[in-house]
There are 2 protein chains.
Amino acid sequence: MRVVAIGGSDAGISAALRAGELDPSAEVIVVVADAYPNFSICGSPYYVSGDVADWRNLAHRTVADLEATGMRLRLDTTAERIDADAHEAHVTDAAGQREVIGYDTLVIGTGALPVRPDIVGLDHLGGADAVHVLHSMADTFAVMRSLQTSTARTAAIIGAGYLGLEMAEALTARGIAVTQIEQLPEVLPAVDSELGSLVASELRSRGVEVLAGTVVKRIAGDDSDLRRRIRIDGATADGAPFERTVDVVLVFAGVRPDVSLAADAGARLGTRGAIDVDRQMRTNLTDVYAAGDCVVTHHRLLGSAYIPLGTTAHKQGRVAGENALGGRREFAGSLGTQVVKVFDLVASRTGLRDHEAAAAGFEPLTVAAEADDHKAYYPGAHRIAMRWTGDRRTGRLLGVQLVGHKDAEVAKRIDVAATAIYSGMSVHAVNELDLSYTPPLGSPWDAMQHGAQAWARAAAETGGRVPSSVDPDI
Amino acid sequence: MRVVAIGGSDAGISAALRAGELDPSAEVIVVVADAYPNFSICGSPYYVSGDVADWRNLAHRTVADLEATGMRLRLDTTAERIDADAHEAHVTDAAGQREVIGYDTLVIGTGALPVRPDIVGLDHLGGADAVHVLHSMADTFAVMRSLQTSTARTAAIIGAGYLGLEMAEALTARGIAVTQIEQLPEVLPAVDSELGSLVASELRSRGVEVLAGTVVKRIAGDDSDLRRRIRIDGATADGAPFERTVDVVLVFAGVRPDVSLAADAGARLGTRGAIDVDRQMRTNLTDVYAAGDCVVTHHRLLGSAYIPLGTTAHKQGRVAGENALGGRREFAGSLGTQVVKVFDLVASRTGLRDHEAAAAGFEPLTVAAEADDHKAYYPGAHRIAMRWTGDRRTGRLLGVQLVGHKDAEVAKRIDVAATAIYSGMSVHAVNELDLSYTPPLGSPWDAMQHGAQAWARAAAETGGRVPSSVDPDI
């Protein structure tokens, strides 16, 4: 039995680990396009900031650790073509040597590619110009060269999603003045703007210039000064022109699934052009599975969606690895749970926001609430800003968004909500949960229960349904 | 409509607040035995430590706040007798004035009384001797007098449960050398001794002398020195005699339900002598409800149990207050979720431990595991020690215990487990949860999922059942 995984990131490695764990006699081969298998690319901002001194520490496991599990790694090897009928992967190694690797089952984990936004001049600039569209470890190294070889004092970050925000913190930690530019009306568009604005305030309080609702139209080298710099220009929210000249530019404009290998082999594509898979991570091609940022993801509330996330890739990879050996495990589904630390704030979300819930056919009510993370009399209490979304018709909990201080256990509070939504709980049932309490770490009604109560009050006032957890309809 | 609550702590006040919220026209009266309604008695260690400068801050709400909701408080008033047939509460106020308060519905929230352990001489000593059996705000004030009026340099704490441990930290913070004595084999008997021993190590590293498995047999004043001190003696775990002479003694030997008022009125008693109530918090007496530390508590895994906890009292009080106005709300049930901070460690539990699960008819398997709270490459990672208990037959999650650094989000991680157990989830399903991840605050597989995986591996190795979450049997 030979299982071949294509892709050395979360999905491919998770599949290979699971296959090896379940059947040590299986031959497991992972084709890795670069020399960095199983790297925590989410950790790159912390290498840039200096929190992680050695980039090698960003590896979840070393090559030796991985090979000790029995898998074989084919590093710096590009998968050129899959012949699904013949059960063959055609690859080219670093030396240009072509090879055909036969497989019994194949797991495609080709991940995603960064979107290159439509900015005039961007295609003519690259890492050597200190303009970086970040995605891979190689991109991270290029950024570090830009920062180390020049005396970068200013930077523009185009995009204010998770990585863009983390990089703003990282560059600020290096003493670089950052301008953060977001096309949408507020930073961190993954949460409602009422919460995104708290993140924007935190950025500004740390000296980051925040330009939301701002479109970058042109980018070009600028040699008018003694040293080479980069000039960007475009329009702010009110249509006024803006221009900045900086030493370094980082671009984070999202990702799209990397599906060419699979599509060329005949794999069916779905939502957002990602590879269509069932909950067992099977493609339409016989004995070919796919997982991670290249596939359509099962979402517990939406059905199918495209949600590229490392946590999901790990879980889907594990399912694919089990099923590649003949298993019938199903991926339980995503809720789009995400968290980001930005300086001293943590922002998180799980499930659906109001407009997402409405689009999915729910009748959502979204309510804002605030509560302390622990009893105010104990030192160090922090307010947590919350937004709770539930379905008016059934009382079902649909989504929660939280922003609070990094010491306010916001990440694990969102996990309580993720657990509740996974189980199909009502908002009211959150209020019934037997959550822990001690004055330094909570309240007799936890902050999450204050949020649930606020939602229930608002639902009752507006004629919504607030069933008890024993309601048979829930 | 007149609702009378007896008891000014969590249950009575919660009932009164809920009744007032649901029907502002209802007349709501709360009979409070002392002058401290709605106090966070859990906060008293932080007043003793000095973290809370003013004891008034320990009030969840002030008297004015409470009365602003419409309720009337009868402070320093003792409920002497209930005439359930006549729907009357007979009370005596601070001036000795007797009064009869008629009610339509009554909520009994008389709470618990501290157990006085069987120690020779204890009955002859009290607060004036710097020997304190702690329970009420008045007891807390007496402790503060002992600490402030003498120059206390040494203390013995008899009992190493939650409050005893918190007081050890508090007295240490005041520069007092503490000897902590626990009759059971390890401190914090609410968790398995493997985890209790971590708490004992933390105590010792902070200079607390820990004597576990040690019984105090005698206590007496000791005037051999120039100042009055207290001598305690007994036997250590190996039967050897021990003796300590200290300035202050605190006794925490648990509580028992305070039921005399209810029992005299004809209320039926149940488990551990607590008032028997149904899930609507109704006693057997017409129109009489009871809630909090004086009642038998519905436990989601055990059926009925006696689990005196503030969180439970709040929830039960709220249910009782709603039903006292004619509602039919049910208390969803406790899981015995608890958390305590001891210096830099946090210990927590929810659900059942192995022996509790076995006694309840489950076929438990308990597995130890360890995981980092966040990616080790990001500074400040801490190990979390875990014990996971699941049912071999069904794979159902029964209980989790966690001990870790106070910054490791242990309290909210136990809440994830409490939410999972509330929903009847399998251990495997925890592994499927879409939990949040960012390197400073988690891992792609959260620590909780490492624990769930460790349990599943051990269950598989020992022939147990590891169903998927979609297994129809779960």
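Two residues count as being in contact here if their C-beta atoms, placed from the backbone, lie within 7 Å. Everything below comes from a predicted model.

**View 1. Helix H1 packs against helix H8 inside chain B.** Here we're looking at H1 (residues 10-22) and H8 (residues 310-323) of chain B, whose axes sit 7 Å apart at an angle of about 35°. The crossing of H1(B) past H8(B) is right-handed. On the H1(B) side, the residues that touch H8(B) are B:Asp10, B:Ala11, B:Gly12, B:Ile13, B:Ser14, B:Ala15, B:Ala16, B:Leu17, B:Arg18, B:Ala19 and B:Leu22. H8(B) answers with B:Gly310, B:Ala313, B:His314, B:Gln316, B:Gly317, B:Arg318, B:Ala320, B:Gly321 and B:Glu322. Sort the H1(B)–H8(B) contact by class and you get nine nonpolar, seven polar and four charged residues.

**View 2. Three strands of chain A form an open sheet.** Read across, the order is S4-S5-S6, and the pairing is antiparallel. The edges belong to S4 (78-83) and S6 (98-102) of chain A, each of which pairs on one side only. From one strand to the next, the twist averages 25°. Zoom in on S4(A) and S5(A) (residues 88-92), and there are five bridges holding to the antiparallel sense. One pair to pick out: A:Thr78 has A:Thr92 in S5(A) as its bridge partner.

**View 3. The two H10 helices meet across the chains.** H10 spans residues 410-422 in chain A and residues 410-422 in chain B; the two axes come within 8 Å and cross at roughly 10°. Angles under 35 degrees count as roughly parallel, so H10(A) and H10(B) are roughly parallel to each other. H10(A) brings A:Lys412, A:Arg413, A:Asp415, A:Val416, A:Thr419 and A:Ala420 to the contact, while H10(B) brings B:Lys412, B:Arg413, B:Asp415, B:Val416, B:Thr419 and B:Ala420. The class tally for this helix pair is four nonpolar, two polar and six charged residues.

**View 4. Chain A meets chain B.** Pulling back to the whole contact, chain A puts in 59 residues and chain B puts in 59 residues. On the chain A side, the elements giving two or more residues are H8 (310-323), S21 (338-342), S22 (345-351) and H10. Which element gives the most to the side of chain A that touches chain B? That's H10(A), with ten residues. By class, the chain A side has 28 nonpolar, 18 polar and 13 charged residues.

Methods:
Residues numbered from 1 in each chain as written. Chains lettered and ligands numbered in written order. Predicted model: local features only at pLDDT ≥ 70, side-chain atom pairs only at ≥ 80, totals over all residues. Axes fitted to C-alpha atoms, helices over the stretch in contact; angles between N-to-C directions. Helix = DSSP H or I, 4+ residues; strand = E, 2+ residues; numbered from the N terminus. Left-handed = near helix turned anticlockwise from the far one by under 90°. Nonpolar A, V, L, I, M, F, W, Y, C, P; charged D, E, K, R; others polar. Pairing = 2+ DSSP bridges. Parallel < 35°, antiparallel > 145°, perpendicular 65-115°, else oblique.
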